[in-house]
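Here is a set of exercises to work through with the viewer open. Try each task yourself before reading the solution below it.

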Amino acid sequence: MDADSFLSIAISKTYPEFLLQTNLTVEKGEFFSLLGPSGCGKTTLLRLIAGLEQPDQGNISLKGVDITRLPPGQRRIGLVFQDYALFPHLNVSANIGYGLKNGRMSSVESKKRVGELLELFELTNLAQRPVQQLSGGEQQRVAIARALAPQPELLLLDEPFSALDYALRRRLRRDLLQYQRLLGITTIFVSHHQEEALAISDRIGLMQDGKILQTGTPTAVYQDPVNRFACEFLGEANLIPCRVIDRSASGSYRIEWAEGFGFNYPAGKQKLANSRYTLMVRTEDVLLSDSTEQGLIGTVTACEYLGPATRLEVRVNGITFKILSGKAAAKLKPGDAARISFAWDQVRFLPADF
């Protein structure tokens, strides 16, 4: 456990479905996302941090203080549940102020705190409205304001956008990040939505079967996945078995996936040995080439128009490349010839058993 980190977790707990075993640190002011498929342990880990469940072994430290056995009310952690869990018999103002009824603040201070949060979250004109009459976005803002009212050290968010439509999700996640930056509160955000986590996180922890497989910036976990699951969960990619057979006098490598068929990989991008690899290239990094001489010639086998983009499949000498290209590529149709190349700085050569 790292005593210098704002939040340090080294715990294990056995469940019928899986063993949760986590080592994780989160830094002060960080927006950290736990990302993974349903049932991988994200919400369970959040509940352990909040004190709603206890680990079998290990410790949780917040600001250097061991909080593992502290009851939830003494941890100074705010938690927003997936369904918000607002009190239906209370109005907006009363919901936000509910957590202040513990005697730590005077009634005057509590009223001032609620007023500040109503203004911050643009809820002042809704202060006396019953929460049942609020939209999904308004309820979400009330839930976050209520969690922040007691001035917690840490904010936990359990998929707070899951019940909202796509356009509202995009707007509210921008608002959430703005509030988090303004307040400087350390936040752990649970999601199974890849785009969401990539868009708003300082760092991501990718989970599978109760374990954190990889942590890093959104760019790092997307471009340099540690295994096949990480690669495929975070987006579409082409994973091509290949081998390096030679290095030319210019320093470029000869890469082949079939006898006598392949391409030259430029020097200086990645040092390779004469060995077998798995080539990884994201769909958006396979490029349709305008050149009549460079690139690999193949045949379009599928074309799907997506509005701002086009998803293609191009088969080249027994290998099908998935491509996400611009909307202009929608003019192509199955059976057409297409020439492809790669964004070399985004290509990765990974172990053969990746």
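**Warm-up: salt bridges and exposure**

Glu195 has a relative accessibility of 34%, so it counts as partly exposed, between the 20% and 50% cut-offs. Keep in mind throughout that this is a predicted model.

**Exercise 1. Find the salt-bridge partner of Glu195 and describe where the two residues sit.**

Solution.
- Step 1: The partner is Arg173, and the closest N and O atoms of the pair are 3.1 Å apart.
- Step 2: Arg173 belongs to helix 5 and Glu195 to helix 6, so the bridge links distant parts of the chain, 22 residues apart.
- Step 3: Now check the exposure of Arg173. With a relative accessible area of 7%, Arg173 is buried.

**Exercise 2. Compare two further bridges, Lys13 with Asp56 and Glu259 with Arg243.**

Solution.
- Step 1: Start with the general idea: side chains of opposite charge can pair when their charged atoms come close.
- Step 2: For Lys13 and Asp56, the closest N and O atoms are 3.8 Å apart. Lys13 lies in strand 1 and Asp56 in the loop between helix 1 and strand 4, so this pair ties together parts that are 43 residues apart in sequence.
- Step 3: Lys13 is buried at 16% relative accessible area, while Asp56 is partly exposed at 44%.
- Step 4: For Glu259 and Arg243, the N to O distance is 2.9 Å. Glu259 sits in the loop between strand 12 and strand 13, and Arg243 in strand 11, so the pair joins parts 16 residues apart in sequence.
- Step 5: Glu259 is exposed at 71% relative accessibility, and Arg243 is partly exposed at 25%.
- Step 6: To put these pairs in context, the count of salt bridges comes to 17. Lys63, Arg76 and Glu153 are linked in a network of such bridges.

**Exercise 3. Test whether the length of helix 4 agrees with 1.5 Å a residue, then decide how enclosed the helix is.**

Solution.
- Step 1: Helix 4 covers residues 136-148, which is 13 residues, and should span 18 Å.
- Step 2: The end C-alpha atoms of helix 4 are 19 Å apart, which agrees.
- Step 3: Eleven of the 13 residues are buried, so helix 4 is largely enclosed by the rest of the structure. Among them are Gly137, Glu138, Gln140 and Arg141 as well as Val142, Ile144 and Leu148.
- Step 4: The buried residues of helix 4 pack against strand 6, helix 2, helix 3, strand 7 and helix 5.

**Exercise 4. Repeat the length test for helix 5, and list what covers its buried residues.**

Solution.
- Step 1: The 18 residues of helix 5 should span 26 Å, and its end C-alpha atoms are 26 Å apart, which agrees.
- Step 2: The buried residues of helix 5 include Leu168, Leu172, Arg173, Leu176 and Tyr179.
- Step 3: Their cover includes strand 3, helix 3, helix 4, strand 7, strand 8 and helix 6.
- Step 4: Look just past the helix: helix 5 is followed by Gly184, whose phi is positive, near 70°.

**Exercise 5. Which residues touch the most other members of the largest nonpolar core, and which helix gives the most to it?**

Solution.
- Step 1: The core has 35 residues, and Val80, Val92, Ile96, Phe121, Ile144 and Leu155 touch the most other members.
- Step 2: Helix 2, helix 3, helix 4, strand 7 and helix 5 each supply at least two residues.
- Step 3: Helix 4 gives the most, with six residues.
- Step 4: Follow Phe121 outward. Leaving aside neighbours within four places in sequence, Phe121 is in contact with Arg141, Ile144, Ala145, Leu148 and Tyr179.

**Exercise 6. Is Thr44 buried or exposed, and what does it touch?**

Solution.
- Step 1: Thr44 is found in helix 1.
- Step 2: Its relative accessibility is 17%, under the 20% cut-off, so Thr44 counts as buried.
- Step 3: Not counting residues up to four places away in sequence, Thr44 touches Tyr15, Phe18, Leu20 and Glu53.

**Exercise 7. Sketch the whole protein in a few numbers.**

Solution.
- Step 1: The protein has eight helices and 20 strands.
- Step 2: Its C-alpha trace spans about 80 × 45 × 40 Å along the principal axes.
- Step 3: Of the 354 residues, 49% are buried.

Notes. Residues numbered from 1 in each chain as written. Heavy atoms only, no water. Helix = DSSP H or I, 4+ residues; strand = E, 2+ residues; numbered from the N terminus. Expected span 1.5 Å × (residues − 1). Buried < 20%, exposed > 50% of the residue type's maximum accessible area, 1.4 Å probe, protein only. Contact = heavy atoms within 4.5 Å. Core = buried A, V, L, I, M, F, W, Y, C linked by side-chain atoms within 4.5 Å. Salt bridge = Lys/Arg side-chain N within 4 Å of Asp/Glu carboxyl O.
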